[in-house]
Amino acid sequence: MSNMEKNLFNLKFAAKELQRSSKKCDKEEKAEKAKVKKAVQKGNMEVARIHAENAIRQKNQSVNFLRMSARVDAVAARVQTAVTMNKVTKSMAGVVKGMDATLKSMNLEKISALMDKFERQFETLDVQTAQMEDTMSSTTTLTTPQGQVDALMMEMADEAGLDLNMELPQGQTGSVGTSVASAEQDDLSQRLAKLRDQV
């Protein structure tokens with residue numbers, strides 16, 4: 001196993017770890033949301049706000065981990081191409097010095113800087129590699145039907161809307177809030193109906 005193949009393995013492993021961290025944040029976000037609901041039901045708005053902030057922080061962190069995972073994955077794919085085509089340059093091999101420690105740190109800023117270095121290396125690789133990569137990526141990417149993606153997003157927004165209506169404790173529902181929420185519900189239902197017709 002060449003040094004570069006070892007690095008390739010480490011990159012793929014890091015992408016998986018970042019994905020795991022993202023899932024962990026998702027779990028934390030769910031837990032914090034549940035605490036928000038409980039606090040709201042008890043009418044304890046101060047506590048609810050703290051848990052809501054935690055939930056948002058976890059959500060953002062989850063997205064950041066997921067984004068970085070995708071980026072590391074993309075770099076791994078390019079390294080794979082370079083290894084396959086024996087296009088690993090000396091300077092590229094130089095980039096990976098200290099890579100292990102950076103990837104293991106799970107520090108998004110450090111990993112991002114490392115990916116910048118890798119991406120700069122790839123810019124210097126010739127057109128032939130890029131062409132081969134296009135061919136490879138077009139065969140490996142599974143297309144995601146946009147209609148399905150939109151429908152799922154609407155469904156989730158729909159659920160969130162229902163959830164939000166339930167979260168207000170009895171007696172605290174302002175008529176304005178309710179009418180806005182129900183208007184949004186109607187709008188969502190109409191859009192969903194339209195989507196169903198299209199499918």
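Good morning, everyone; the protein I would like to walk you through has eight helices and zero strands, and what we have in front of us is a predicted model. If you read along the sequence, the pattern is simply α-α-α-α-α-α-α-α, which is a convenient one to keep in mind while we look at individual places.

Let me begin with the protein as a whole. There are 199 residues, and buried residues make up 29% of them. The accessible surface comes to about 13600 Å², and 56% of that surface belongs to carbon and sulfur atoms. If we then take the contacts between residues at least 6 apart in sequence, 81% of these contacts join residues at least 24 apart.

Now I would like to turn to the helices α1 and α2. Helix α1 covers residues 3–41, and helix α2 covers residues 45–84. How should we describe such a pair? In general, two packed helices are described by the angle between their axes and the distance between the axes. Here α1 and α2 pack at an angle of about 165 degrees, and their axes are 7 Å apart. Because an angle over 145 degrees counts as roughly antiparallel, α1 is roughly antiparallel to α2. The crossing in which α1 passes α2 is left-handed.

Let us look at a few residues of helix α1, and I will start with Ser22, which is found in that helix. Is Ser22 buried or exposed? Its relative accessibility is 2%, and since anything under 20% counts as buried, Ser22 is buried. If we do not count residues up to four places away in sequence, Ser22 touches Ser62, Phe65 and Leu66.

Ser21, too, is found in helix α1, and with a relative accessible area of 15% Ser21 is buried. Which residues is Ser21 in contact with, once we leave aside its neighbours within four places in sequence? They are Phe65 and Met106, so please keep Met106 in mind for a moment.

Met106 has its place in the loop between α4, residues 99–105, and α5, residues 108–124. With a relative accessible area of 24%, Met106 is partly exposed. I would also point out its backbone, where phi is positive, at about 55 degrees, although Met106 is not a glycine.

Coming back to helix α1, where we also find Lys38, we meet a residue that is exposed, with a relative accessible area of 56%. Lys38 and Ala48 are ten residues apart in sequence, and in space they are 7.9 Å apart, going from C-alpha to C-alpha.

The last feature I want to show you concerns aromatic rings. How many aromatic pairs does the structure hold? It holds one, and that pair is formed by Phe9 and Phe13, with 6.3 Å from centre to centre and 20 degrees between the planes. Because planes under 30 degrees apart count as stacked, the pair of Phe9 and Phe13 is described as stacked. The two residues are four residues apart in helix α1, which means that about one helical turn separates them. As for Phe13 in particular, its relative accessibility is 46%, so Phe13 counts as partly exposed.

To pull the picture of helix α1 together, then, this helix contains the buried Ser22, the buried Ser21 and the exposed Lys38, as well as the stacked pair of Phe9 and Phe13.

Conventions: Residues are numbered from 1 along each chain as its sequence is written. This is a predicted model: local features need pLDDT of at least 70, side-chain atom pairs count only at pLDDT 80 or more; totals for chains, interfaces and linings use all residues. Side-chain values use heavy atoms; hydrogens and water are left out. Rings of Phe, Tyr and Trp (its six-membered ring) pair if their centres lie within 6.5 Å; planes under 30 degrees apart count as stacked, over 60 as edge-to-face and the rest as tilted. Buried means under 20% relative accessible area, exposed over 50%, partly exposed in between (1.4 Å probe, protein chains only). Contact means heavy atoms within 4.5 Å. Accessible areas come from the Shrake-Rupley method with a 1.4 Å probe; for residues, only the protein chains shown count as cover. Axes are lines fitted to C-alpha atoms, for helices over the stretch in contact, and angles run from 0 to 180 degrees between N-to-C directions. Angles under 35 degrees count as roughly parallel, over 145 as roughly antiparallel, 65 to 115 as roughly perpendicular and the rest as oblique. A crossing is left-handed if the near helix is turned anticlockwise from the far one by less than a right angle, and right-handed if clockwise.
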